[in-house]
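Here is a friendly walk through one protein model, meant to be read with the structure open beside you. Let us start with a pocket and work outward from there.

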Amino acid sequence: MTPAENISWFVLRTAPIARVEFTVVHAITQRDAPAMVPFDIEKLRPPRSKNWVERKRALFPFYVFVGLRGYDEFRHLRASINKAAEDVGKKPPILGLIGFGGRLARLTAPEVSFLKSVSVEGGSRVEIYKPVQPGDAVTFALGSSLEGRTGIVDSATRDRVKVMTEMFG
C-alpha cells in the first residue's frame, strides 16, 4: 500500500448480515488496504449461562470505512472478497461505496481521526440522567465514544435512545 497521504477514505456498505462488518475489515486488511469499524464493547449473558461475555458491537452496523487509492482498487477488492465468499457458499458481503448525487462520499481528515478515536476497547456506556423526548437536542457526555457531538433525539424508550447526528457531510 502507498503512504497514507495517497489514499482517500470512503464509506463501504455491507450486506445486512449480522456482524459481517468485522469479517469484511479482516478481508480488506488481509489485502493490504486500510479499513476500520468503529465499535464499543457490549457485555451480555448467553441464555442458561452464569458467565458474562464481551462482544464487539459496530457503532455503524453494516458500514466499513476503507482507505483506497481509487475506484479501481475498490472494484478489485469487492470482486475478490465477494468471490471468496461465494466460493464457500456464502452471500457476497460487499454491496458498494456510499455516494451522493453521483459522487462518492470521501471522508475528511477530521472525520477519519474521529472514527479512529471512537473504537474504545473499554466500551463506554451513555447514561441518561433525565427523560428525553423526540425532537430534543442532546450532547453526548464525557466518557462516551461520541463525546461532545450533538444530535436530535429521534426516538426514546425506557432503556434506549436513538439520536440522529450529522456525520460525513
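Helix α1 gives the largest share of the lining of the second largest pocket, with four residues. This model is predicted, and the pocket in question has a volume of about 220 Å³. Its lining is made up of 13 residues, and those closest to the pocket centre are Thr23, Ala85, Lys90, Lys91 and Pro93. Two elements give two or more residues each to this lining: α1 (20-30) and α2 (71-87). What is the chemical make-up of the lining by class? Nine of the lining residues are nonpolar, one is polar and three are charged.

**Strand β1 and its partners**

Next, have a look at β1, which covers residues 8-14. Five of its seven residues are buried, so β1 is largely enclosed by the rest of the structure. Which strands does it pair with? The table gives three partners of β1, each with the number of bridges and one pair of residues that stand opposite each other.

| Partner of β1 | Residues of partner | Sense | Bridges | Opposite residues |
|---|---|---|---|---|
| β5 | 63-68 | antiparallel | six | Ser8 and Leu68 |
| β9 | 106-107 | antiparallel | two | Phe10 and Arg106 |
| β6 | 94-97 | antiparallel | three | Thr14 and Ile94 |

To find these pairings on your screen, you could begin at Ser8, which faces Leu68 of β5. Then go to Phe10, where Arg106 of β9 stands opposite, and on to Thr14, which is set against Ile94 of β6.

**A three-stranded sheet**

Further along the chain there is an open sheet of three strands, in the order β10-β11-β12 and with antiparallel pairing. Its edge strands are β10 (137-139) and β12 (161-164), each of which pairs on one side only. On average, neighbouring strands of this sheet are turned by 50° against each other, with direction ignored. Between β10 and β11 (residues 150-156), the antiparallel pairing runs over three bridges. Here Val138 is the residue that stands opposite Gly151 in β11.

**Helix α3 and its two sides**

Helix α3 spans residues 109-117, and its buried residues are Glu111, Val112, Phe114 and Leu115. Why can we say that these residues line one face of the helix? Looking down the axis of α3, the buried residues fall within an arc of 160°, so they line one face. The general rule behind such patterns is that an α-helix has 3.6 residues a turn, so residues three or four places apart point the same way. On the other side of α3 you will find Ala109, Pro110 and Lys116, which are exposed.

**Two loop residues with positive phi**

Finally, two loop residues deserve a look. Asp32 is not a glycine, yet it has a positive phi of about 65°. Asp32 sits in the loop between α1 and β2 (35-36). Is Asp32 buried or exposed? With 55% relative accessibility, Asp32 counts as exposed, because the cut-off for that class is over 50%.

Arg48 also has a positive phi, about 60°, although it is not a glycine. You can find Arg48 in the loop that runs between β3 (39-44) and β4 (53-58). Arg48 has a relative accessible area of 85% and is therefore exposed.

Conventions: Residues are numbered from 1 along each chain as its sequence is written. This is a predicted model: local features need pLDDT of at least 70, side-chain atom pairs count only at pLDDT 80 or more; totals for chains, interfaces and linings use all residues. Side-chain values use heavy atoms; hydrogens and water are left out. On a 1 Å grid over the protein atoms alone, a cavity is a set of points where a 1.4 Å probe fits but cannot get out, and a pocket is an open set with protein on both sides within 12 Å along at least five of seven lines; lining residues have an atom within 4 Å of a point. Grid points are joined across faces, edges and corners, and a volume is the space filled by probe spheres set on the points. Ala, Val, Leu, Ile, Met, Phe, Trp, Tyr, Cys and Pro count as nonpolar, Asp, Glu, Lys and Arg as charged, and the others, Gly among them, as polar. Two strands pair if DSSP finds at least two bridges between them. Axes are lines fitted to C-alpha atoms, for helices over the stretch in contact, and angles run from 0 to 180 degrees between N-to-C directions. Buried means under 20% relative accessible area, exposed over 50%, partly exposed in between (1.4 Å probe, protein chains only). The arc is that of the directions from the helix axis to the C-beta atoms.
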